[in-house]
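Hello,

Here is the structure I promised to pass on. Please have a look at it first, and then read my notes below.

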Amino acid sequence: AVVSTQSTGTQSSINALQRTNSTTQGDHVARMHAIAGNSVCADCGAPDPEWACIDHGITICIDCSGVHRSLGVNISKVRSLLLDNWTDDIITCMESKGNSRFNERYEHHASAADKISCDSSRVERDVFIRRKYVEKAFYRKD
């Protein structure tokens, strides 16, 4: 098969872009974990979360991410820190928020008994996360 130089040039550009993206792709994980509170899951406190809710600017663990996905994108937009592509806009948005800042507002009225841990069951996670994000049961209004 004959390949034109234009398509070869285009393919070279695509390959270069992919290499650039893969280099910066890993950088954002460290940047996300460096944000206040983001080294643990915003919901259960599990260490080194590999998922994020990009609309809330928080990082979450894989177990909590399943519950977030079930809420629908109108409540929570979940992305993998490791598998999904991250644009500069999303990274900037995440850096302007973070777990600590978010939870100051969304868990303001939550008692220790209300909260979940990394050992919580799927049912306990579901109840807490729905109360936190859908019902806004612990939300601080200004």
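**A pair within one helix**

Phenylalanine 102 and tyrosine 106 are both in helix H4 (residues 99–106), where they sit 4 residues apart, about one turn of the helix. Please keep in mind that this is a predicted model. Both phenylalanine 102 and tyrosine 106 are buried. For tyrosine 106 the relative accessibility is 12%, which is why that residue counts as buried; the cut-off is under 20%.

There are 5 aromatic pairs in the structure. The rings of phenylalanine 102 and tyrosine 106 have centres 4.1 Å apart and planes at 10 degrees, so this pair is stacked. Tyrosine 106 also forms a stacked aromatic pair with tyrosine 133, with 6.2 Å from centre to centre and 25 degrees between the planes. That second pair links distant parts of the chain, since tyrosine 106 is in helix H4 and tyrosine 133 is in helix H5 (residues 122–134), 27 residues apart. Tyrosine 133 has a relative accessible area of 4%, so this residue is buried.

Which residues do the ring pairs bring together? Phe102, Tyr106, Tyr133 and Tyr139 are linked by ring pairs into a cluster.

**Lysine 136 and its ring**

Tyr139 of that cluster has a charged partner too: the charged end of lysine 136 sits over the ring of tyrosine 139, 5.6 Å from the ring centre. Lysine 136 belongs to the segment after H5 and is partly exposed, with a relative accessible area of 40%. Its backbone deserves a look as well, as phi of lysine 136 is near 55 degrees, a positive value in a residue other than glycine. Most residues other than glycine have a negative phi.

Aspartate 48 is another residue to check in this respect: it is not a glycine, yet it has a positive phi of about 50 degrees. You will find aspartate 48 in the loop between helix H1 (5–34) and E1. With a relative accessible area of 52%, aspartate 48 is exposed.

**How H2 meets H5**

Helix H5 also packs against another helix. The axes of helix H2 (residues 62–71) and H5 come within 10 Å and cross at roughly 55 degrees, and H2 and H5 are therefore oblique to each other. Their crossing is right-handed. On the H2 side, the contact is made by Asp63, Cys64, Gly66, Val67, His68, Ser70 and Leu71. On the H5 side, the residues are Arg122, Arg125, Asp126, Ile129, Arg130, Tyr133 and Val134. Tyr133 thus appears both in this contact and in the aromatic cluster.

Serine 65 is in helix H2 as well. At 4% relative accessibility, serine 65 counts as buried. Leaving aside neighbours within four places in sequence, serine 65 is in contact with Trp51, Ile60 and Val78.

**Around strand E1**

Alanine 52 is in strand E1 (residues 51–53). Is alanine 52 buried or exposed? Its relative accessibility is 0%, so alanine 52 counts as buried. Setting aside neighbours within four places in sequence, alanine 52 is in contact with Ile58, Thr59, Ile60, Lys77, Val78, Arg79, Leu81, Trp86 and Met94. For one of these, lysine 77, the C-alpha to C-alpha distance to alanine 52 is 8.0 Å, with their positions 25 residues apart in sequence.

**Back to H4 and the loop after it**

Asparagine 103 is in helix H4, and at 16% relative accessibility this residue counts as buried. Not counting residues up to four places away in sequence, asparagine 103 touches Ala42, His108 and Lys132.

Serine 111 is in the loop between H4 and H5. With a relative accessible area of 34%, serine 111 is partly exposed. Its C-alpha atom is 8.8 Å from that of phenylalanine 138, and serine 111 and phenylalanine 138 are 27 residues apart along the chain.

**The whole chain**

To end with the overall picture, the protein has 5 helices and 3 strands. From the N terminus on, the elements run α-β-β-α-β-α-α-α. Of the 142 residues, 35% count as buried. Among contacts between residues at least 6 apart in sequence, 62% join residues at least 24 apart.

Best wishes

Technical notes
Residues are numbered from 1 along each chain as its sequence is written. This is a predicted model: local features need pLDDT of at least 70, side-chain atom pairs count only at pLDDT 80 or more; totals for chains, interfaces and linings use all residues. Side-chain values use heavy atoms; hydrogens and water are left out. Rings of Phe, Tyr and Trp (its six-membered ring) pair if their centres lie within 6.5 Å; planes under 30 degrees apart count as stacked, over 60 as edge-to-face and the rest as tilted. Helices (H or I, at least four residues) and strands (E, at least two) are DSSP runs, numbered from the N terminus. Buried means under 20% relative accessible area, exposed over 50%, partly exposed in between (1.4 Å probe, protein chains only). A charge sits over a ring if NZ of Lys or CZ of Arg is within 6 Å of the ring centre and within 35 degrees of the ring normal. Axes are lines fitted to C-alpha atoms, for helices over the stretch in contact, and angles run from 0 to 180 degrees between N-to-C directions. Angles under 35 degrees count as roughly parallel, over 145 as roughly antiparallel, 65 to 115 as roughly perpendicular and the rest as oblique. A crossing is left-handed if the near helix is turned anticlockwise from the far one by less than a right angle, and right-handed if clockwise. Contact means heavy atoms within 4.5 Å.
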